[in-house]
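Thanks, everyone; I would like to use these few minutes to talk through how the chains meet, and I will take the contacts one at a time. Please have the sequence and the structure open while I speak.

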Number of protein chains: 4
Amino acid sequence: MATIDYSGIIPPIPTPFKDGQLAIGALQANVEKWCRTGIRGILALGSNGEYVYLSNAEKLEVVRAVVAAAPKDRLIMVGSGCEGTAQTLRLTSDLAHIGAQAALVVTPAYYGGQMTTAALMRHYETVADGSPIPVLLYNVPKFTHINLSPEIVVHLSAHPNIVGIKDSSGNVSQLAEYLHRVPADFSVLVGTAGALYGALSLGCAGGILALANIAPRICIQIFDAVRSGDHETASRLQRRIVAVNTAVTATYGVGGLKAALDMLGYFGGDPRPPLLPPSGKDRDEIRRILAAAELI
Amino acid sequence: MATIDYSGIIPPIPTPFKDGQLAIGALQANVEKWCRTGIRGILALGSNGEYVYLSNAEKLEVVRAVVAAAPKDRLIMVGSGCEGTAQTLRLTSDLAHIGAQAALVVTPAYYGGQMTTAALMRHYETVADGSPIPVLLYNVPKFTHINLSPEIVVHLSAHPNIVGIKDSSGNVSQLAEYLHRVPADFSVLVGTAGALYGALSLGCAGGILALANIAPRICIQIFDAVRSGDHETASRLQRRIVAVNTAVTATYGVGGLKAALDMLGYFGGDPRPPLLPPSGKDRDEIRRILAAAELI
Amino acid sequence: MATIDYSGIIPPIPTPFKDGQLAIGALQANVEKWCRTGIRGILALGSNGEYVYLSNAEKLEVVRAVVAAAPKDRLIMVGSGCEGTAQTLRLTSDLAHIGAQAALVVTPAYYGGQMTTAALMRHYETVADGSPIPVLLYNVPKFTHINLSPEIVVHLSAHPNIVGIKDSSGNVSQLAEYLHRVPADFSVLVGTAGALYGALSLGCAGGILALANIAPRICIQIFDAVRSGDHETASRLQRRIVAVNTAVTATYGVGGLKAALDMLGYFGGDPRPPLLPPSGKDRDEIRRILAAAELI
Amino acid sequence: MATIDYSGIIPPIPTPFKDGQLAIGALQANVEKWCRTGIRGILALGSNGEYVYLSNAEKLEVVRAVVAAAPKDRLIMVGSGCEGTAQTLRLTSDLAHIGAQAALVVTPAYYGGQMTTAALMRHYETVADGSPIPVLLYNVPKFTHINLSPEIVVHLSAHPNIVGIKDSSGNVSQLAEYLHRVPADFSVLVGTAGALYGALSLGCAGGILALANIAPRICIQIFDAVRSGDHETASRLQRRIVAVNTAVTATYGVGGLKAALDMLGYFGGDPRPPLLPPSGKDRDEIRRILAAAELI
């Protein structure tokens, strides 16, 4: 298996619905549009993909459609984490067989007090042992209330089939500690756009960012600027996008992200309940923020 | 539809596995044994039932087995909550059609920041509108990091098909506030054994308690003592069980509960990964605690 | 030293200010009025006493005034906890010398991560070793973000000069565990009115409750009802006061409590900044709640 | 009043004690030693200065000693925040009169639920209105469990006597949002060494860092490298110090920091109880970490 390059900007794409059902055509049109911006690849079935509201059959349908729509040179990463270890392994294998190239595995979280270091290590090792594709850890305490400590990450980074992490904790000290202690070929990807420039400067390989759905070009510009040593541009762009990021992705959640996509020429649509779409007033505010950031 | 009486003690039963697969015979033997103790009914597919590790097909298999094994006069309640509203409604209907009599619906939790009062109310109302069986709310902030405020509970208690709540917050002030403000026919059930006596004294209809799996008779004695006004007995028994409850259910989780069941003549077995079974040392401690409480 | 009886209802009194300065006359008038209701004693300098906004000189002035105003048969307890061990010991001694009979010592909290079991035990033991008056532990996680575990409480309950605890965690399971494991002469006092009846039924000696400032007679009725075995009355009264308690003490804080006192014929006045007094709209709501509970 | 330049590296110095009493000679020797490293100034009475364990008289004594020991070109900043607004204003004035040049004011925190946006704004505005020296906000959620939102910081940054913020949240997205929205002459200083490079790259003016006590020269090298555009050096040094920072300042707290100082030729000594000094085993670990980072 040739080594995959995970560096670059990857949008964790939403899953579009019409009347509550998968809108596959809209999904493929979105993917084609994103892929014209210079992104490294696509993450399907992540938190912004409402993976918790999809059946396994729907997850397969989404990934089949993304694989078909994306150019061959783009990385297709998929969120395949479930609460159970066996469930996760089965879904990861199923998604690999239809073309997923890498699996992003969220920390199991329901029995939070029992998700000890030993339990988390064994979960990831079992999945990585059995997975036909490389595994990346997914640390997102905002949703899981679990943090993957540097101790766990460093330990797992030695596994031959665990190749990286997406860290959405927003904690750059922790990113720096990961980077200091993992092997050079273990890819640390930042998951919060507000920390993109800081993370890339520290040596992160790239970013998987909700913001990359609505401002892929600016995220790529920050990535390129850091690569070429133009820190002034990177810092300026970073400060420009932070308000958009806070507003659209944190305040309004997936519903806000989808509404912004509708304003930007993608298909957004409504999230599945219990997520609520933004109100008319919220949409006005989103439009105002996008305009202030010169995105529309 | 005749009104169901939810008062009494109900164990939220674990799901037994052999070699990682459902152990239906063991499950049915357990159910028969619990039903000889005077419990009001069975909760299948609750948090102690590892519902997050079961496929929908397995959930149906579990409930079919419980319905077949339990005497007809026992209440069969099932955990049917999923992250999505549509998923929840579908599973609730499927479980109702095979004999479940009431559905316990956990709060959706993944997108915690978006689970506003409005989102939660709409979720429960949609599920209750469509469910063929009565719905109970399930508030378990320890696992979900979401709390069902009195405001939400009072509002939902007016829905004709929302008939009660299992509250596992451990917060008796909140229980008292629920009780003060909901209709008399809305059943408030306590979900933490440490608060059993306090909750029953305040007017709770009953308890759905992990501890009722391993000490059903003591839980029933507390229930009966409060009913008959013998508060001294109730208080004494409550203080006796609190250490068992803390140790077995809080410290050691589902794995500890299953180990205790093995020591008590039920089939416990191991939990599914990522949950780990207790170590040999932990098992010794569990045995010691059960012995100290005169349960073995 | 004769053993002190801590059982009964004790209001943790606010400190009245006029133009930001101590209003000693008003304080003494309040104390006299409370003492006509059958309360066991007074807690001065507790959380509701805004002790964090008082200088040591002011603390002494408050306690001198309370000692002078209260009948001799009432217990004068004082909040004497500071962040530092030496500071706490010095203040406790100073307050003892002017008539305080028992010291309520809050957990030090600023360096939360360093407040280990060992650090907390040594803090309390050092204070208790040197204090001329008995010490009670004060567990109030809402303000301190520190919880005194049963392990710590049980250990400290063996100290001859540590005689009790005020627990404001609202966690009745924890209260039950304390009660089960401490010596019979160690007084467990509940600090949240919402849990009063539940706590007394379990065997708590009494309550130190913000609500006892505004509804002392109802709190005393609950206490007496439990003592005499009239659980129905206790339960009914408990459910009646829970809304008042939530609204006045939790929602509106010290400012709300003081506003309620003004409506009830005590002197309330404004809290010290940064605490803000309730708005006109909030005052209307407080008045409405007091009226609904038939307190005005 | 000439405008003060807050840019650079500032150690938040510990307060040395001998037999529990202020060790003024040791304090002054430390200050002289730090000032030979190129630091911008000194922060006395910060969290690492154990300010919560000092009386007001001791606070004055510490600041007098620091003012006397430091060269005239160094900034003398002091932690003057208390829980009360009036207390804070009085202490700030007293410290200004003996030579403090700027006041770092921590968020009041005890009544956390009441520390609303309005309450915090009024607190800071009142202090800034009355303070004879410029005021900086101090955001340290780790200790206070309060976060100064961008909304509050942006509002307060318009006050003529509020000149900056020390942010110890570790959240670089928030730093970026502050930087994007405050006036150019409002100094945003980072308070966590793990985020130093990321923060400086984004445009922060400097850092007030526990680590600057034990590795001032490396912190200054990072600052200088970012100033001169040498991001490679800055990133490399940042990754080198992150382990030291985590270990010494987070894991072992003030006691660990003091032990490290003893190993580095400064006077450290023991913290005041309830803080415990590190055990012999912990000291060995601290020594090992300092050696691994080539600090000893």
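Between chain A and chain B the count of salt bridges is 0, and I should say at once that this is a predicted model. Polar contacts, on the other hand, are found there, with 14 residue pairs between chain A and chain B counted where both residues have pLDDT 80 or more.

Which helices of chain A supply at least two residues each to the side that touches chain B? They are α3 (85-97), α4 (117-130), α11 (231-251) and α12 (253-263), and the largest share comes from α4(A), which gives 4 residues. If we sort the residues on that side of chain A by character, we find 21 nonpolar, 10 polar and 3 charged.

Turning to the extent of the contact, chain A contributes 34 residues and chain B contributes 34 residues. The size of an interface is often expressed as the accessible area that is lost when the parts come together. Here chain A and chain B bury about 2800 Å² between them, and 61% of that lies on carbon and sulfur atoms. Of the area that chain A buries against chain B, 27% is supplied by Tyr110(A), Tyr111(A) and Pro274(A), which is more than any other three residues supply.

Finally, a word on pairs of chains that do not meet. Chain A and chain C are joined by no contact, and their closest C-alpha atoms lie 17 Å apart; chain B and chain D do not touch either, with their nearest C-alpha atoms 17 Å apart.

Methods: Residues are numbered from 1 along each chain as its sequence is written. Chains are lettered from A and ligands numbered from 1 in the order in which they are written. This is a predicted model: local features need pLDDT of at least 70, side-chain atom pairs count only at pLDDT 80 or more; totals for chains, interfaces and linings use all residues. Side-chain values use heavy atoms; hydrogens and water are left out. Contact means heavy atoms within 4.5 Å. Buried area is the accessible area (1.4 Å probe) that two parts lose on being put together, summed over both. A salt bridge is a side-chain nitrogen of Lys or Arg within 4 Å of a carboxyl oxygen of Asp or Glu. A polar contact is a pair of N or O atoms within 3.5 Å; within protein, one must be able to donate a hydrogen and the other to accept it, and residues adjacent in sequence count only if both atoms are side-chain atoms. Ala, Val, Leu, Ile, Met, Phe, Trp, Tyr, Cys and Pro count as nonpolar, Asp, Glu, Lys and Arg as charged, and the others, Gly among them, as polar.
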